[in-house]
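Please open the model in the viewer and keep the sequence panel visible. The tour proceeds by selection, one stop after another.

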Amino acid sequence: IQQYIDLLIVLTQKELKVRYKSSFFGYLWSVGHPLAFAFVFFIAFKVIMRIPMEDYALFLMAGLFPWQWFSNSVNASPLSFLANASLIKKVNFPRNIIVASLVLEGMIHFLLSIPVIILFIFIYQKAPKVCWLYGLPLLLAIQFLMTYGLSLLISSLNLFFRDLERLTIIITTLLFYFTPIIYPETMVPKQYQHWIKFNPLSFLMVSWRNLFLNGTLESTYLLIS
């Protein structure tokens, strides 16, 4: 077990080095990407369309940062085995560790982005809640397992169906707009509310937002996630 843990750490470090190789801004790109999207959505929905919602910038970031972890990991998963083909052919080890390191690297980036969310929480005259002490580890574990399971499925299937790489990007893009991230779930018309329940990410993203904004967690949402 210790050898597998060491291997997981080494592969995760490799993923981080490859991601930031020849990159001048490094970590800032991971934070800047969701911030740029938050700025675009804020201008579109708050300034132009004047959506009646307080603290909308904070609302966006509370959903965009955990979503980035999910989408980056899932979109990169189709090539995870193919990119490490030489390693797989030479060394005998559990192949799923490669996918686990990919998801773990995304989680590390998400953890490093939490200070940005805290900064905006203080800007909007709020404060982190005690609930974070158990809420963060709980949601991290749920999202890690959900993202890891889906990434492992996609990376395995892509070995036989190479079209899955392009299909994954399309599906995650559609899933983003069907998930209440840039809008609250209460804005969905009643006749379509039941469709939210079929999206496995809806309750998870709402849980992240409730934790960051209100310091609350709904046990039903956690169980569904």
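Select helix α3 (56–76) and display its C-alpha trace. At 1.5 Å a residue, the 21 residues of α3 should span 30 Å, and the end C-alpha atoms are 30 Å apart, which agrees; the expected span is 1.5 Å times one less than the number of residues. Helices here are DSSP runs (H or I, at least four residues), numbered from the N terminus. The model is predicted: local features need pLDDT of at least 70 and side-chain atom pairs count only at pLDDT 80 or more, while totals for chains, interfaces and linings use all residues. Residues are numbered from 1 along each chain as its sequence is written, and side-chain values use heavy atoms, with hydrogens and water left out.

Next, show the surroundings of α3. Because 18 of its 21 residues are buried, α3 is largely enclosed by the rest of the structure; buried means under 20% relative accessible area (1.4 Å probe, protein chains only). Within α3, select Gln 68, which counts as buried at 10% relative accessibility. Beyond its neighbours within four places in sequence, Gln 68 is in contact (heavy atoms within 4.5 Å) with Ser 30, His 33 and Pro 34.

Now add α10 (202–214). The axes of α3 and α10 come within 9 Å and cross at roughly 130°; axes are lines fitted to C-alpha atoms over the stretch in contact, and angles run from 0 to 180 degrees between N-to-C directions. That angle makes α3 oblique to α10, a class for angles that are neither under 35 degrees, nor over 145, nor from 65 to 115. On the α3 side, the contact is made by Leu 58, Phe 59, Ala 62, Gly 63, Pro 66 and Trp 67; α10 supplies Met 205, Trp 208, Arg 209, Phe 212 and Leu 213.

Turn to α6 and α7, whose axes come within 10 Å and cross at roughly 145°. Among the residues making this contact are Met 107, Phe 110 and Leu 111 of α6 and Leu 140 and Phe 144 of α7. Select Leu 140, which is buried, with a relative accessible area of 13%. Leaving aside neighbours within four places in sequence, Leu 140 is in contact with Trp 69, Met 107, Phe 110, Leu 111 and Trp 208.

Finally, colour the largest nonpolar core, which has 57 residues. Such a core is a set of buried Ala, Val, Leu, Ile, Met, Phe, Trp, Tyr and Cys residues joined through side-chain atoms within 4.5 Å. Phe 110, Leu 204, Trp 208 and Phe 212 have the most contacts inside this core. For a last selection, take Leu 204, which touches Leu 139, Ile 142, Gln 143, Met 146 and Ser 225, not counting residues up to four places away in sequence.

Terms used. Buried < 20%, exposed > 50% of the residue type's maximum accessible area, 1.4 Å probe, protein only. Helix = DSSP H or I, 4+ residues; strand = E, 2+ residues; numbered from the N terminus.
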